[in-house]
Structure formats: C-alpha cells, structure tokens
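Work through the exercises below with the sequence and the model in view, and try each task before reading its solution.

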Amino acid sequence: MTTLQIPLPEALHEELKTWATRENISVEQLAAAAVADKISALAQLAYLQDRASRADRNKYLAVLAKVPDVPPIPPDTAVPESRRR
C-alpha cells in the first residue's frame with residue numbers, strides 16, 4: 001500500500017471528514033473510494049470514446065434498414081403519460 005499526501009482546501013477537507021463520519025468510515029477510506037470511483041469513470045469514458053471512434057454510420061444504417069416497418073406489439077404500444085411529447 002502506498003501513502004499519498006495531498007494538499008486539500010480546508011473546506012474540502014471538512015466536507016470529507018463530515019461525509020466519512022456519516023458513512024462511518026475513515027477519511028482515508030472515503031478518499032480512496034472517491035479516487036477509485038473517479039478512475040473508474042475516466043476509464044469508462046475512455047472506453048466509450050474508443051468505441052465511438054470505431055463507429056460506422058453506414059453500417060449502422062444498413063442494420064437499421066433490416067428492422068421491419070410494422071407497428072409495435074402490446075405492451076410496447078402503451079406509452080406512459082410521462083413519456084409522451
């Protein structure tokens with residue numbers, strides 16, 4: 001395990017301590033979890049950007065053209081009021 005010293009603004013440190021107390025974990029555990037969450041989000045973003053860079057609109061449209069043009073079958077025809085435009 002590596003020890004890392006990070007200067008934090010006082011307000012952020014206080015917020016960190018408050019949330020650690022609420023979650024009943026140490027400040028170190030919460031900080032490590034926050035770093036892990038951020039790294040995970042960045043990795044997922046990089047993955048999605050890589051996938052998007054390989055996309056081919058013409059191939060997408062070719063696949064979409066294979067979908068039959070028929071009305072949906074129940075219960076797909078029922079659109080909740082909250083989703084109607």
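A pocket is an open set of grid points, where a 1.4 Å probe fits, with protein on both sides within 12 Å along at least five of seven lines. The model examined here is a predicted one.

**Exercise 1.** Describe the largest pocket by its space, its lining and the helices that supply this lining.

*Solution.* Begin with the space, which comes to about 680 Å³ in the largest pocket. Next, turn to the 20 residues that line this pocket, of which Ile6, Val27, Glu28, Ala31 and Ala32 are the closest to its centre. Sorting the lining by character then gives 14 nonpolar, four polar and two charged residues. Finally, assign residues to helices: α1 (10–23) and α2 (27–53) each supply at least two residues of the lining, and the largest share, eight residues, comes from α2.

**Exercise 2.** Compare the reach of α1 with its expected span, and find what follows this helix.

*Solution.* Count 14 residues in α1, for which 20 Å is expected at 1.5 Å a residue; the reach from the first C-alpha to the last is 20 Å, close to that expectation. Moving past the end of α1, one meets asparagine 24, whose phi is positive, near 60°.

**Exercise 3.** Find side-chain contacts that involve charged groups.

*Solution.* The structure holds two salt bridges, one of which joins the side chains of glutamate 14 and lysine 17 at 3.1 Å, N to O. Because glutamate 14 and lysine 17 are three residues apart in helix α1, about one helical turn separates them. Look next at arginine 22, whose charged end sits over the ring of tryptophan 19, 4.5 Å from the ring's centre. Aromatic pairs, by contrast, number zero in this structure.

Note on methods:
Residues are numbered from 1 along each chain as its sequence is written. This is a predicted model: local features need pLDDT of at least 70, side-chain atom pairs count only at pLDDT 80 or more; totals for chains, interfaces and linings use all residues. Side-chain values use heavy atoms; hydrogens and water are left out. Rings of Phe, Tyr and Trp (its six-membered ring) pair if their centres lie within 6.5 Å; planes under 30 degrees apart count as stacked, over 60 as edge-to-face and the rest as tilted. A charge sits over a ring if NZ of Lys or CZ of Arg is within 6 Å of the ring centre and within 35 degrees of the ring normal. On a 1 Å grid over the protein atoms alone, a cavity is a set of points where a 1.4 Å probe fits but cannot get out, and a pocket is an open set with protein on both sides within 12 Å along at least five of seven lines; lining residues have an atom within 4 Å of a point. Grid points are joined across faces, edges and corners, and a volume is the space filled by probe spheres set on the points. Helices (H or I, at least four residues) and strands (E, at least two) are DSSP runs, numbered from the N terminus. Ala, Val, Leu, Ile, Met, Phe, Trp, Tyr, Cys and Pro count as nonpolar, Asp, Glu, Lys and Arg as charged, and the others, Gly among them, as polar. The expected span of a helix is 1.5 Å times one less than its number of residues. A salt bridge is a side-chain nitrogen of Lys or Arg within 4 Å of a carboxyl oxygen of Asp or Glu.
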